[in-house]
Amino acid sequence: MKVEFKGKKYKSLEEFFIKNKEIIPFKASVSLRTRLKEGLSLEEILDKGKRKRGTSKGPYLVEGITYNDLPSIAKEYGITERAIYKRYSRGKIGDDLVPSKKLKSYIAPKKIFKIYINGVGYNSIAQACRKNNVKYITFRKRIEYGWSREEALGIKTKQNVHHASIYSKNYHGKKRVKGKEVTIDGKKFNSLAEASIFYKKDPEAVRTQILSGRSTREALGLDLIETKNLVIFKGQKYKSLPELAKKIGVPYRLIKSRIQNMGISLEEAINLGSDHISNDGRYNKKIFEKDPNLANANGYLYFVSIKIGNKKRYKLGITKTSVKKRLKQEGYDFSIIKVLNSNLFYCYLLEQKLLHKFENYKDKTIKAEHLDGHTEIFEFSENVVSEIKDLIK
């Protein structure tokens with residue numbers, strides 16, 4: 001785009017930026033382009049000066065409503081401040097500041113499916129089988145025996161006129177060879193079919209599962225089938241984490257959040273109880289009092305230098321995982337200065353002492369939109385860096 005400033009013409013915005021860097025209060029031409037998109041002229045932008053990092057004052061118009069700042073929009077639409085700052089930094093304005101599916105005016109497009117069974121749409125029979133937890137081969141066999149699609153998918157119960165005593169005949173009226181005796185939990189059955197009917201299972205479905213490699217007990221629903229979602233807690237098996245959460249009365253999302261964000265085990269996450277522990281940082285005294293095992297777990301106190309916006313800063317923190325794995329999540333260049341390995345609670349106590357002792361050095365320009373743990377970012381002189389290294393040592 002050609003631009004003109006104070007009577008002088010430039011071939012592009014980039015050329016203007018390069019030749020006038022000394023008077024432009026921004027670090028990149030992207031910032032300049034973003035402000036021009038908001039409707040400001042070059043003169044207005046330069047007169048207004050650099051916006052304070054992290055404040056991003058409005059007003060902003062989203063779905064006809066005016067907001068004074070970006071955090072207000074994030075709160076209204078239930079998204080993180082970091083997410084909305086990211087969209088803003090990419091030049092999004094107006095309704096585009098909010099993901100389209102989060103907008104209150106969003107209307108999901110009506111999906112058209114290839115087949116409909118019992119009023120539910122599917123793209124294929126294979127998808128219908130997956131959604132209803134029925135193997136495709138089982139579905140196909142049932143259809144061959146004259147079942148309806150709803151019955152074959154288990155949506156409707158098949159009215160089975162056969163009884164164990166007459167199950168020696170199949171659906172086509174041909175005599176079957178007498179079944180082999182089956183013993184389940186000390187109880188004898190004349191055949192697998194008889195056992196299936198006793199445990200209220202479809203005999204053909206049970207036979208198909210056994211042919212696919214399931215044990216007799218798994219096919220009859222007496223033993224849990226182990227899948228990738230299987231969870232073992234205190235020796236007991238559960239189909240999935242949501243099932244376990246429901247059983248013990250702790251919200252599934254709370255358990256999952258603790259495991260992902262705090263890097264703790266399933267048992268540790270459950271031992272913290274169903275209360276939401278809201279406090280600064282991922283760890284605090286209340287958490288450690290609730291879970292002594294977590295307090296005594298292996299942990300690390302780390303002191304690192306970090307480069308944010310071409311400026312060197314410092315960060316103090318603790319983690320239960322390796323320091324490199326923890327720092328990699330932030331997306332900035334880090335250099336490890338000093339690490340202390342001890343139990344997690346001791347690391348926490350020492351971290352709190354250091355944060356309190358050097359709180360006057362905190363860099364308050366770093367906000368939540370920059371990185372997690374933004375309250376632990378400091379500006380230190382080399383003398384202070386040496387002092388902290390000695391204290392940790």
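This is a short walk through one protein chain, from its overall make-up to its cores, one helix at a time, and a few single residues.

Thanks for coming, everyone. A word on the ground rules: this is a predicted model, in which local features need pLDDT of at least 70 and side-chain atom pairs count only at pLDDT 80 or more, while totals for chains, interfaces and linings use all residues. Residues are numbered from 1 along each chain as its sequence is written, and side-chain values use heavy atoms, with hydrogens and water left out.

Let's start with the whole chain. You are looking at 19 helices and 14 strands; helices here are DSSP runs of H or I with at least four residues, strands are runs of E with at least two, and both are numbered from the N terminus. Of the 393 residues, 36% are buried. By buried I mean under 20% relative accessible area, with exposed being over 50% and partly exposed in between, using a 1.4 Å probe and protein chains only. The chain exposes about 24800 Å², and carbon and sulfur atoms supply 49% of that; these areas come from the Shrake-Rupley method with a 1.4 Å probe, and for residues only the protein chains shown count as cover. As for contacts, meaning heavy atoms within 4.5 Å, take those between residues at least 6 apart in sequence: 45% of them join residues at least 24 apart.

Now to the inside. The largest nonpolar core has 37 residues, and among those with the most contacts inside it are Leu244, Tyr283, Phe303 and Ile388. Such a core is a set of buried Ala, Val, Leu, Ile, Met, Phe, Trp, Tyr and Cys residues joined through side-chain atoms within 4.5 Å. Which helix gives this core its largest share? That is H18, with six residues. Ile388, setting aside neighbours within four places in sequence, touches Phe303, Leu316, Phe358 and Phe380. There is also a second, separate core of 14 residues, including Ala74, Ile79, Tyr88 and Leu97.

Let's stay with H18, residues 344-357. Its 14 residues should span 20 Å at 1.5 Å a residue, and the end C-alpha atoms are indeed 20 Å apart; the expected span is 1.5 Å times one less than the number of residues. At the N-terminal end, Asn343 acts as the cap, with a side-chain oxygen 3.2 Å from the backbone nitrogen of Phe345. The buried residues of H18 are Leu344, Cys347, Tyr348, Leu350, Glu351, Leu354 and Leu355. Cys347 has a relative accessible area of 0%, and another cysteine, Cys129, is buried at 2%. How many disulfides does the structure hold? Zero, where a disulfide would be a pair of cysteine sulfur atoms within 2.5 Å.

Next, please find H10, residues 203-211. Pro203, Glu204, Ala205, Val206 and Thr208 are buried there, and the buried residues of this helix pack against H7, H9 and H11. Glu204 deserves a stop: its relative accessible area is 3%, so it counts as buried. The side chain of Glu204 makes a polar contact of 2.5 Å with that of Arg207. For that term, we need N or O atoms within 3.5 Å; within protein, one must be able to donate a hydrogen and the other to accept it, and residues adjacent in sequence count only if both atoms are side-chain atoms. Glu204 and Ala193 are 11 residues apart in sequence, with their C-alpha atoms 7.9 Å apart. Just after H10, Gly213 has a positive phi of about 115 degrees.

Over in H9 sits Ser196, buried at 0% relative accessibility. Beyond neighbours within four places in sequence, Ser196 is in contact with Lys201, Asp202, Pro203, Val206 and Leu220.

Last, two loop residues. Most residues other than glycine have a negative phi. Glu63, though not a glycine, has a positive phi of about 50 degrees; it lies in the loop between strands S3 (57-62) and S4 (65-69). Asn133 also has a positive phi, near 55 degrees, and is placed in the loop between H6 (125-131) and H7 (136-144). Are these two residues buried, partly exposed or exposed? Glu63 is partly exposed at 23%, whereas Asn133 is exposed at 75%.

That's my tour; thanks for listening.
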